[in-house]
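Open the model in your viewer and keep the selection panel at hand. The tour goes from one selection to the next.

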Amino acid sequence: MNSKATVLSGAWYGDNELTLNFPTGWEVEMLNQQDAPTLSDSQIELAFAEPIGTPRIAELAKGKKSAAIIVDDLSRPTPSYKVIPHLLRELTTAGVPKSEIRFVVGVGAHRPITKEEMAKKVGADIAAEYEVTNHNFLSADLRALGKLENGTPVYINRVVADSDFKICLGGIYPHSSVGFSGGAKLIVPGTAGFSTMYYFHTFPQGRGPAVIEGQSDEPDRRDTIELAAGLLGLDAIVNVVLNSRREIAGLFVGDFIKAHRKGAHFANETYRTEISETTRTESDLVVINCYPLDADAIQLDKALAAFSYFENAYTIALYPATDGSCFHGLFDRLDYKRYMQQKVDRLPSIPTPEPKLGRQSQLHVWSEHFDRDDFYKEYPSSLLFRDLQQLIKLMTEKLPAHAKVAILPVAGIQVLTPQVST
């Protein structure tokens with residue numbers, strides 16, 4: 001009986017293998033997603049050659065004097081640098097001047113990414129040759145586009161709004177309020193101003209994780225995103241679906257609604273993870289590895305929903321939070337500079353007590369980089385551990401000699417479904 005398991009950890013920060021060593025006699029089950037093979041370069045080219053719901057980008061962009069390419073930040077695992085050369089060839093064929101092609105990192109209310117991180121996201125050569133900037137949702141450098149019928153005021157990054165051609169390059173991942181990320185989400189909230197973002201997060205109802213179509217006659221958050229993108233005049237999207245190795249398994253180019261929906265259906269199948277009734281009810285320990293959404297410290301919630309599928313199990317979340325940031329300006333009501341100054345001014349933490357296992361209902365989180373004060377502010381009833389093997393050893397004191405362990409290796413993107421009996 002195998003008492004070891006290996007998972008990937010630290011997206012953008014090595015994507016290294018992490019080995020979990022469990023006691024001999026424990027039964028370890030890997031709950032893998034359906035998954036999909038990696039696309040070849042020729043398959044990526046084909047996705048650009050046969051867009052969904054629009055002419056080819058090289059045709060769409062003809063006659064355009066400028067272009068804005070909006071990419072997501074490092075909190076998302078999208079390997080934009082693998083797709084950008086293909087996209088730039090389309091724009092070059094269309095005749096868009098190289099000097100007028102700009103990249104905007106659609107950080108929403110996340111922290112700005114550094115120059116080094118921009119090079120990771122778009123590629124070092126692209127970062128050196130093109131203008132790459134962070135969106136600042138608190139900036140006054142916005143364009144007012146009016147108000148949607150549901151009351152949402154629409155303010156968008158000026159570089160994006162003023163460009164002749166606008167395209168979003170992001171990823172499609174399960175999301176708790178818009179079903180799946182991707183599509184026009186890099187417009188709202190990605191490049192929106194504070195008032196737009198606040199209204200978006202406060203008033204329209206959400207669309208649950210992995211819910212592809214709206215469930216109400218009233219515009220929900222996904223609908224609001226797409227209404228705003230229509231008002232802006234978003235020309236196209238380029239969206240990826242990843243496999244368990246953080247490689248591109250699907251690429252969806254074209255109309256920001258039609259291409260997104262097709263991509264969401266493919267994502268739903270690729271990320272689908274069946275769980276048997278026995279596993280659901282008899283597992284003694286459930287380990288969720290939050291990869292590939294494990295870079296910053298504000299994405300942990302995206303994987304925690306998995307625990308609701310299991311009964312009577314202790315829980316461990318593997319969440320390195322490698323960049324150490326727990327900033328989300330919209331909810332903290334402050335800008336990033338002030339957030340960093342508050343961290344400097346903060347009184348020293350109370351010394352960490354000797355780690356102890358909590359109750360079965362408590363979440364146990366292993367993280368090398370999640371700031372302790374930030375962690376207990378965000379998750380006051382949970383427990384933080386720095387030493388993974390020590391945490392597993394503590395579990396042996398509570399669990400039976402032949403404990404059953406269920407592991408979700410890429411819980412940040414997995415979509416859990418009950419296994420259908422045959």
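Contact here means heavy atoms within 4.5 Å. Helices (H or I, at least four residues) and strands (E, at least two) are DSSP runs, numbered from the N terminus. This is a predicted model: local features need pLDDT of at least 70, side-chain atom pairs count only at pLDDT 80 or more, and totals for chains, interfaces and linings use all residues. Residues are numbered from 1 along each chain as its sequence is written, and side-chain values use heavy atoms, with hydrogens and water left out.

**Stop 1: helix 7 and helix 8**

Select residues 194-202, helix 7, and residues 221-232, helix 8. Phe-200, His-201 and Thr-202 of helix 7 touch Arg-221, Thr-224 and Ile-225 of helix 8. By class, this contact has two nonpolar, three polar and one charged residues. Ala, Val, Leu, Ile, Met, Phe, Trp, Tyr, Cys and Pro count as nonpolar; Asp, Glu, Lys and Arg as charged; the others, Gly among them, as polar.

Now look at the axes. They are 9 Å apart, at an angle of about 150°. Axes are lines fitted to C-alpha atoms, for helices over the stretch in contact, and angles run from 0 to 180 degrees between N-to-C directions. Helix 7 and helix 8 are therefore roughly antiparallel; that term takes angles over 145 degrees.

**Stop 2: the sheet**

Next, show the strands. Which order do the six strands of the open sheet follow? The order is 6-5-4-9-12-13, with mixed pairing. Two strands pair if DSSP finds at least two bridges between them. Strand 6 (131-134) and strand 13 (248-254) stand at the edges with a single partner strand each, so one side of each has no neighbour in the sheet. From one strand to the next, the twist averages 20°.

Zoom in on strand 4 (residues 67-71) and strand 5 (residues 101-105), which pair in the parallel sense over five bridges. Pick Ala-67: its bridge partner in strand 5 is Ile-101. Four of the five residues of strand 5 are buried (under 20% relative accessible area, 1.4 Å probe, protein chains only).

**Stop 3: helix 3**

Add helix 3, residues 80-94. Helix 3 lies across strands 4, 5, 9, 12 and 13, running at about 160° to strand 9. Then add helix 4, residues 115-122. The two helices pack at about 65°, with their axes 6 Å apart. Ser-80, Tyr-81 and Ile-84 in helix 3 meet Lys-120, Lys-121 and Val-122 in helix 4. Three of these residues are nonpolar, one is polar and two are charged.

Terms used. Parallel < 35°, antiparallel > 145°, perpendicular 65-115°, else oblique. Buried < 20%, exposed > 50% of the residue type's maximum accessible area, 1.4 Å probe, protein only.
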